[in-house]
Amino acid sequence: MEQSYHSFLMALKGKTVTIYKAGPESKKGKILDVKPDYITLYAQNNNNNNNNKDNNKENNTNNQNDQNTVVYYQVDHIKSVIEDTKTNSMQIMEELPEVEYYNSDSFIGLLEQFIDQTIQINQGGPQSKHGVLVAVSDDFLVLFTEDDGLVYFNTQHVKSVSKFKQNEQNDETINQPTMLIPEWISVDEFHDVFKYLSHQWVSINRGGPDAMEGVLVENVGGHYTLVNNQEVMRIHPFHIQSISVGPKGHLKQQNNNQNNNQNDNENKDQEKNEESSDESNESSSSSNESSSSSSERRSTGKKRSTRRSNRRRTSSRSCKEKIIKTIDYKWKY
């Protein structure tokens with residue numbers, strides 16, 4: 001059965017198809033390569049046929065809809081492949097486009113070539129996520145994200161992977177040169193990760209109805225237990241698609257709080273500088289006023305002394321005039 005399914009995909013190599021009839025993973029493009037457990041699709045732009053508005057918004061956030069990109073699909077998750085016979089009949093002689101893409105014999109080997117790069121896990125929906133791939137193990141991968149920190153994904157539930165392409169309207173890519181990636185749990189299998197996360201607050205599955213949070217209790221009786229207030233949730237290990245430490249979005253909230261505190265401190269420093277500047281201006285203005293008032297007093301004193309000296313000179317001139325201006329009278333006898 002698996003061999004016939006793989007043969008059917010091999011027959012579609014180089015042809016235009018639609019992977020998934022609808023939904024966030026639906027993409028139309030040309031099949032570039034077919035491997036035993038994954039296929040490589042050169043997806044065309046504006047090719048998402050999802051009719052769900054919420055999923056469309058999620059897809060726009062993940063910026064994969066408006067750009068040509070290479071998407072790698074795990075074969076086990078492909079629900080349907082729709083061939084565009086009309087388009088293919090008109091492109092019989094057309095060669096495959098010259099597109100660079102990764103080539104490996106297995107999906108795990110493919111993921112290893114993405115290490116230290118920013119990738120997109122799934123093309124949309126609640127389980128989609130983008131971040132820097134920091135490690136790949138036998139059945140899980142470790143992704144460093146801006147909002148949740150380290151997230152451990154079970155590769156059995158990864159439907160597709162592609163390089164993350166930044167949207168001009170969405171500037172949320174991780175700044176790789178300046179980021180600090182914490183130490184991750186280095187084990188061989190996904191279930192071993194849970195041993196290191198026991199008795200910690202964890203988030204299981206990224207979104208949707210299967211998402212939950214709580215304190216993780218060790219595996220007992222073939223299932224994991226989460227405790228959240230009065231609720232005790234028991235989960236089958238196979239249905240755990242991803243897990244991370246802390247509540248969802250805690251790292252982004254923490255960074256926002258730090259930025260707000262830094263901005264508050266900067267504003268306080270600026271206000272202090274402005275207050276000190278105002279005080280210095282007030283002191284200089286008061287000194288200027290005092291100097292101007294003293295100069296005014298000196299000027300007024302000068303004016304008064306000038307008036308006094310003028311009056312003295314005037315009085316002296318009048319006295320001299322009385323003395324100098326004499327009249328001789330001749331008396332008649």
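**Exercises on a predicted model**

A hairpin of three residues leads from strand β2 to strand β3, in a structure that is a predicted model.

**Exercise 1. Strand β3 and its partners**

Work out how strand β3 pairs with strands β2 and β4, and decide whether β3 is largely enclosed or not.

*Solution.* Begin with the partner that comes through the hairpin: strand β2 (residues 27-34) runs antiparallel to β3, and five bridges join the two. Within this pairing, Ile 31 stands opposite Leu 41 of β3. Next, turn to strand β4 (residues 69-74), which also pairs with β3 in the antiparallel sense, here over six bridges. In this second pairing, Tyr 42 is found opposite Val 70 of β4. Finally, consider burial, for which a residue must have under 20% relative accessible area. Strand β3 covers residues 38-43, and because five of its six residues are buried, the strand is largely enclosed by the rest of the structure.

**Exercise 2. The surroundings of Ser 244**

Determine whether Ser 244 is buried or exposed, and find out which residues it touches.

*Solution.* First place the residue: Ser 244 belongs to strand β15, which spans residues 242-245. Its relative accessibility is 1%, and since buried means under 20%, Ser 244 counts as buried. Then look at its neighbours, leaving aside residues up to four places away in sequence: Ser 244 touches Asp 148, Leu 150, Val 151, Trp 201, Val 202, Ser 203 and Arg 206. With Arg 206 there is also a polar contact of 3.3 Å between the two side chains.

**Exercise 3. A cavity and a pocket**

Describe the largest cavity and the second largest pocket by volume and lining, and identify residues that are named for both.

*Solution.* Start with the cavity search, which covers the whole structure and finds one cavity of 30 Å³ or more. The largest cavity has a volume of about 40 Å³, and its lining consists of Asn 122, Gln 127, Phe 153, Asn 154, His 157, Val 158 and Gln 241. Sorted by class, this lining holds two nonpolar and five polar residues, with no charged ones. Now take the second largest pocket, whose volume is about 340 Å³. Its lining is made up of 21 residues, and those nearest its centre are Asn 122, Gln 127, His 157, Lys 159 and Gln 241. By class, the pocket lining contains six nonpolar, 11 polar and four charged residues. As a last step, compare the names: Asn 122, Gln 127, His 157 and Gln 241 line the largest cavity, and they are also among the residues nearest the centre of the second largest pocket.

Conventions: Residues numbered from 1 in each chain as written. Predicted model: local features only at pLDDT ≥ 70, side-chain atom pairs only at ≥ 80, totals over all residues. Heavy atoms only, no water. 1 Å grid on protein atoms, 1.4 Å probe; cavity = no way out; pocket = protein on both sides within 12 Å on 5 of 7 lines; lining within 4 Å. Points joined across faces, edges and corners; volume = space filled by probe spheres on them. Nonpolar A, V, L, I, M, F, W, Y, C, P; charged D, E, K, R; others polar. Helix = DSSP H or I, 4+ residues; strand = E, 2+ residues; numbered from the N terminus. Buried < 20%, exposed > 50% of the residue type's maximum accessible area, 1.4 Å probe, protein only. Polar contact = N/O pair within 3.5 Å; in protein donor to acceptor, adjacent residues only side chain to side chain. Contact = heavy atoms within 4.5 Å. Pairing = 2+ DSSP bridges.
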